Structure formats: C-alpha cells, structure tokens
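Morning, everyone. Please have the sequence and the model up on your screens. I'll walk through it piece by piece.

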Amino acid sequence: LYWLSVVLTMHLLEPEFNPVRAPMSAYVLGAYGPWMTTTYVALSAALLGLGYGLATTLPHTRLTRTACSLFLVAAAATFVAGLFPMDFPPPPRTLSGRLHALAGLLAFPTMTLGTFLFSLSFRRDGYWRTVSVPSLTLSAGIIGALLLGIVSLLTLGFGGYAQRLLIALLFAWMIVVSLRLTHFPRTAEESLVGSHPNQPLQ
C-alpha cells in the first residue's frame, strides 16, 4: 500500500513525465525523487517477505524452490535499481544508468517467471489450490505485459504504459496471494480442518 500510494502521488506531483512513454523510474529524477527511491526498497522487501512466506507454506518441491530463487533475484535486482538512478531519456549514458538498466533486465523477467511458477505450485497443494486460478490468470497477464513492453520498446522506443500494466497486475497477484497467506493455519488444530496445508494433491 505504501508503494502504491507513493507511485500514484508521483504521477500527480511530477506531471512532466508522460506515463505512456516514461518508465516509472524517471520519477526518481524529479523534484520528489527521494520518495520514489523508497518504493524500490518497499517492493524489494515485499518480494522477499512474500517469497519467504510461500517457501514456508508450500511443499518443498523443485518448482517452489525455483520460484523462491527467482523472487530472491528479483528482490536484489529491484534494490540495486533503486540505488542507481536511470538516465532519462534513454539510452543509458552513465555508469548509474547502465547499472539501473541491467538491474531492470534482471528484475522484471525474474519476478514475472516467479509469479508464474508459484501459481503452478498452488495447483498442487490442498490449501493453496483455491487461489490457483486467479493467480495463474494474473501471472499470465504479467507475462503478456512483459512481452508487450519488449515489443513496444523495440518498435516504438518506449513502454511506460506496459510497465505500469505489469506492475498493476503484479500487485494484484501479490494481494491475492498475501490475503491467502494471512489465513494459513499456524497450529496443529487449525491444520486438521480441511486438507492438510502442506500436502500436495495427488
């Protein structure tokens, strides 16, 4: 919620950046840039926290471990992107701009693939299966937004709108999963109600 509040406020306080063309990273270069920088820390922490929560409540399968590793890389890359402001307009011309671009190239694909693999894991677990359909639908949308952004950058030279769509779908996915995670049974008595939470479906 903090991340969302700051980003929406940036769109109002820094209207010089066209949301269709400019990536959200450009807001760091504006008058209220330090506020935007904090959102990288918030997103990184959210990815770490959610990844840890899922790692401790899902069966320890190869699929789950891979998804957790991808979230860890995404969190680290997001944090690095926040440390090094982008060059705007592109292309990158400074060391900071190049590091930011590299971090973005790592962050977006890994968080996209991570959500998809976690969503596949949900289908195999008795507790998480109830959110498998909405999470898979949202993760498919995230993949579509990432591909749209790549095509837009290659053909039009900008993709700010696609990035915003990807982030919106990512946060919708995180909200759906977080709400389910908060209701995860923490005691033996709770675990006896319904399916065992960590028992994969056969």
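Helix α4 gives the most to the lining of the largest pocket: 9 residues. That helix runs over residues 95-122. Keep in mind that we are looking at a predicted model.

How much space lies in the largest pocket? About 1000 Å³. The lining takes in 40 residues, and the closest to the centre of the pocket are P23, G104, F108, L153 and Q163. Several helices take part. Besides α4, the helices α2, α3, α5 and α6 each supply at least two lining residues. For orientation, α3 covers 62-83, α5 covers 132-155 and α6 covers 160-182.

What is the lining made of, by class? It divides into 27 nonpolar, 11 polar and 2 charged residues.

Let me stop at F108. It sits in helix α4, and it is among the residues closest to the centre of the largest pocket. Is F108 buried or partly exposed? Its relative accessible area is 22%, so it counts as partly exposed. The cut-off matters here, because buried means under 20%. Now find L166. F108 and L166 are 58 residues apart along the chain, yet their C-alpha atoms are separated by 8.9 Å.

Next, the second largest pocket. Its volume is about 400 Å³. Of the 19 residues in its lining, the closest to the centre are L1, W3, L4, F171 and I175. Which helix gives the most to this lining? That is α6, with 7 residues. Helices α1, α2 and α6 each supply at least two residues. By class, the lining of this second pocket has 16 nonpolar residues, 2 polar and 1 charged.

So much for pockets. On to the closed space. How many cavities of 30 Å³ or more does the structure hold? It holds 1. The volume of the largest cavity is about 40 Å³. Its lining is formed by L58, P59, T61, L63, T64, S121 and R124. By class, that lining has 3 nonpolar residues, 3 polar and 1 charged.

Now turn to the surface. Look for Y2, L12, L13, Y32 and W35. Together these residues form a nonpolar patch with about 560 Å² of accessible area. Which element gives the most to the patch? Helix α1, residues 2-13, with 3 residues.

Take two members of the patch. L13 is placed in helix α1. Its relative accessibility is 38%, so L13 counts as partly exposed. Y32 lies in the loop between α1 and α2, and α2 itself covers 33-57. Y32 also counts as partly exposed, because its relative accessibility is 35%. One distance to go with that. From Y32 to T130 is 98 residues in sequence and 41 Å in space, C-alpha to C-alpha.

For contrast, go to S132. It is placed in helix α5. Is S132 buried or exposed? With a relative accessible area of 6%, S132 is buried. Measure across to R164 on your screens. The two are 32 residues apart along the chain, and their C-alpha atoms are separated by 24 Å.

Last topic: the backbone. Most peptide bonds are trans. Where should you look for cis bonds here? One is the peptide bond from F88 to P89, with omega near 0°. Another cis bond joins P90 and P91, where omega is about 10°. P89 is found in the loop between α3 and α4. P91 is found in the loop between α3 and α4 as well.

A quick recap before discussion. Helix α4 leads in the lining of the largest pocket. Helix α6 leads in the lining of the second largest pocket. Helix α1 gives the most to the nonpolar patch. And two places to revisit on your screens are the cis bond from F88 to P89 and the cis bond between P90 and P91.

Key:
Residues are numbered from 1 along each chain as its sequence is written. This is a predicted model: local features need pLDDT of at least 70, side-chain atom pairs count only at pLDDT 80 or more; totals for chains, interfaces and linings use all residues. Side-chain values use heavy atoms; hydrogens and water are left out. Patches are made of residues with over 30% relative accessible area and no salt bridge: like charges are joined within 9 Å, nonpolar side chains (Val, Leu, Ile, Met, Phe, Trp, Tyr) within 5 Å. Accessible areas come from the Shrake-Rupley method with a 1.4 Å probe; for residues, only the protein chains shown count as cover. A salt bridge is a side-chain nitrogen of Lys or Arg within 4 Å of a carboxyl oxygen of Asp or Glu. Helices (H or I, at least four residues) and strands (E, at least two) are DSSP runs, numbered from the N terminus. Buried means under 20% relative accessible area, exposed over 50%, partly exposed in between (1.4 Å probe, protein chains only). On a 1 Å grid over the protein atoms alone, a cavity is a set of points where a 1.4 Å probe fits but cannot get out, and a pocket is an open set with protein on both sides within 12 Å along at least five of seven lines; lining residues have an atom within 4 Å of a point. Grid points are joined across faces, edges and corners, and a volume is the space filled by probe spheres set on the points. Ala, Val, Leu, Ile, Met, Phe, Trp, Tyr, Cys and Pro count as nonpolar, Asp, Glu, Lys and Arg as charged, and the others, Gly among them, as polar.
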